[in-house]
Structure formats: C-alpha cells, structure tokens
Amino acid sequence: MDSNLALERLINEANLLLVSAEQELQKPQKEMMSFAVCQNAKLSMVMLLKAYLEKHKIEVSENDNLVQLYEKCRAYSPAFDAVAIHEMDCVSDKHCSMAEYCIDSGYVMECVDKAKVIRKILYQP
C-alpha cells in the first residue's frame with residue numbers, strides 16, 4: 001500500500017476514535033461510558049503519535065507503547081513537551097494502569113485533551 005495512503009488511513013482512524021470519545025463525553029454523566037472514552041482517546045493518541053513519526057520518517061516498532069511513541073516524538077520535537085503524557089496518573093513507562101483512572105470523567109477528559117494537542121501538533125507543517 002502507498003505510504004501516503006496508509007498514513008492518511010491511520011490519521012483518519014485516529015480522528016474517528018477521538019470524535020467517538022468526544023461524543024461519549026457529551027452524554028449525561030449517568031449514560032457516559034468513561035472507560036470507552038478513555039480507551040478511544042488512548043488508542044487515538046497511539047495512532048496520532050505513530051502518524052507523526054511516520055510523517056517525519058522516524059522508525060516505529062509495532063511493539064512501541066504509548067510512552068515509547070511519546071518519547072520518540074518528544075525527542076524529535078519539543079512541541080510534545082506540552083502533552084506531558086507522564087503526568088497522566090494511569091501511565092507508567094511499561095504499561096497503562098487503568099484501575100480507577102478510566103472511571104473518573106475528569107481524568108478521561110484529560111486523555112481527550114491530550115489527544116487533541118497531539119492532533120494539533122501532527123497537523124503543523
């Protein structure tokens with residue numbers, strides 16, 4: 001598959017996940033599925049970070065997790081310092097621990113906001 005087409009598909013899928021997370025956040029508190037928001041936002045972040053790296057011809061491993069992708073992007077561009085993935089209470093260097101974090105609507109909104117910042121950086125020239 002053409003690399004530009006693959007990149008475009010990756011970005012489109014990431015955007016669909018982010019839109020889905022945003023729509024879920026708009027629901028009343030009792031109807032909102034915060035875990036779905038969290039997972040869609042985090043998967044969107046992973047895809048957007050991969051897209052950024054691929055756009056800039058930086059090697060990406062299929063095994064890279066959210067933190068590893070973020071660190072690669074941060075090493076390439078200081079703009080990623082504004083995202084501060086490490087400040088998310090659910091993220092460590094090795095995994096994403098979701099025990100109580102993904103249940104709280106305030107915390108999942110943070111994930112959505114960080115995904116939006118990553119998307120904004122991706123679209124910068």
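Is Glu 24 buried or exposed? The points below take up this question after a short overview.

1. Overall composition. The structure is a predicted model. Its secondary structure amounts to 4 helices and 0 strands, and the order of elements from the N terminus is α-α-α-α. Of the 125 residues of the protein, 42% are counted as buried. Where contacts join residues at least 6 apart in sequence, 59% of them link residues at least 24 apart.

2. Helix 1. This helix covers residues 3–25, a run of 23 residues. At 1.5 Å a residue the expected span is 33 Å, and the end C-alpha atoms lie 33 Å apart, which agrees. The buried residues of helix 1 include the leucines Leu 7, Leu 10, Leu 17, Leu 18 and Leu 25. Ile 11, Ala 14 and Ala 21 are also among them, as are Asn 15, Glu 22 and Glu 24.

3. Glu 24 and its partner. To answer the opening question, Glu 24 is buried, its relative accessible area being 11%. This value falls under the 20% limit for a buried residue. The side chain of Glu 24 meets that of Lys 27 in a salt bridge, with N to O at 3.0 Å. Lys 27, by contrast, is partly exposed, with a relative accessible area of 38%.

4. Packing of helix 1 and helix 2. Two packed helices are described by the angle between their axes and the distance between the axes. Helix 2 comprises residues 34–55, and helix 1 packs with helix 2 at an angle of about 155°, the axes being 8 Å apart. Angles over 145 degrees count as roughly antiparallel, and helix 1 and helix 2 are therefore roughly antiparallel to each other. The crossing of helix 1 past helix 2 is left-handed.

5. Residues at this packing. On the side of helix 1, the residues that meet helix 2 include Leu 7, Leu 10, Ile 11, Ala 14, Leu 17 and Leu 18. Glu 13, Ser 20 and Glu 24 also belong to the helix 1 set. On the side of helix 2, the set includes Val 37, Ala 41, Leu 43, Met 47 and Leu 48, together with Asn 40, Ser 44, Lys 50 and Glu 54. Glu 24 thus appears both in the contacts with helix 2 and in the salt bridge with Lys 27.

6. Met 45. This residue has its place in helix 2. Met 45 counts as buried, at 0% relative accessibility. Leu 69 stands 24 residues from Met 45 along the chain, and the C-alpha atoms of the two are separated by 9.4 Å.

7. Salt bridges. Side chains of opposite charge can pair when their charged atoms come close. The count for the model is 6 salt bridges. Besides the pair already described, Asp 64 forms a salt bridge with Lys 72, the closest N and O atoms being 2.6 Å apart. Asp 64 is buried, with a relative accessible area of 14%, whereas Lys 72 is partly exposed at 27%.

8. A network involving helix 3. The side chains of Arg 74 and Glu 71 meet in a salt bridge, at 3.3 Å from N to O. The two residues are 3 residues apart in helix 3, residues 66–76, and are therefore separated by about one helical turn. Arg 74 is partly exposed, with a relative accessible area of 34%, and Glu 71 is likewise partly exposed, with 29%. Salt bridges link Glu 71, Arg 74 and Asp 81 in a network.

Terms used: Residues are numbered from 1 along each chain as its sequence is written. This is a predicted model: local features need pLDDT of at least 70, side-chain atom pairs count only at pLDDT 80 or more; totals for chains, interfaces and linings use all residues. Side-chain values use heavy atoms; hydrogens and water are left out. A salt bridge is a side-chain nitrogen of Lys or Arg within 4 Å of a carboxyl oxygen of Asp or Glu. Buried means under 20% relative accessible area, exposed over 50%, partly exposed in between (1.4 Å probe, protein chains only). The expected span of a helix is 1.5 Å times one less than its number of residues. Axes are lines fitted to C-alpha atoms, for helices over the stretch in contact, and angles run from 0 to 180 degrees between N-to-C directions. Angles under 35 degrees count as roughly parallel, over 145 as roughly antiparallel, 65 to 115 as roughly perpendicular and the rest as oblique. A crossing is left-handed if the near helix is turned anticlockwise from the far one by less than a right angle, and right-handed if clockwise. Contact means heavy atoms within 4.5 Å.
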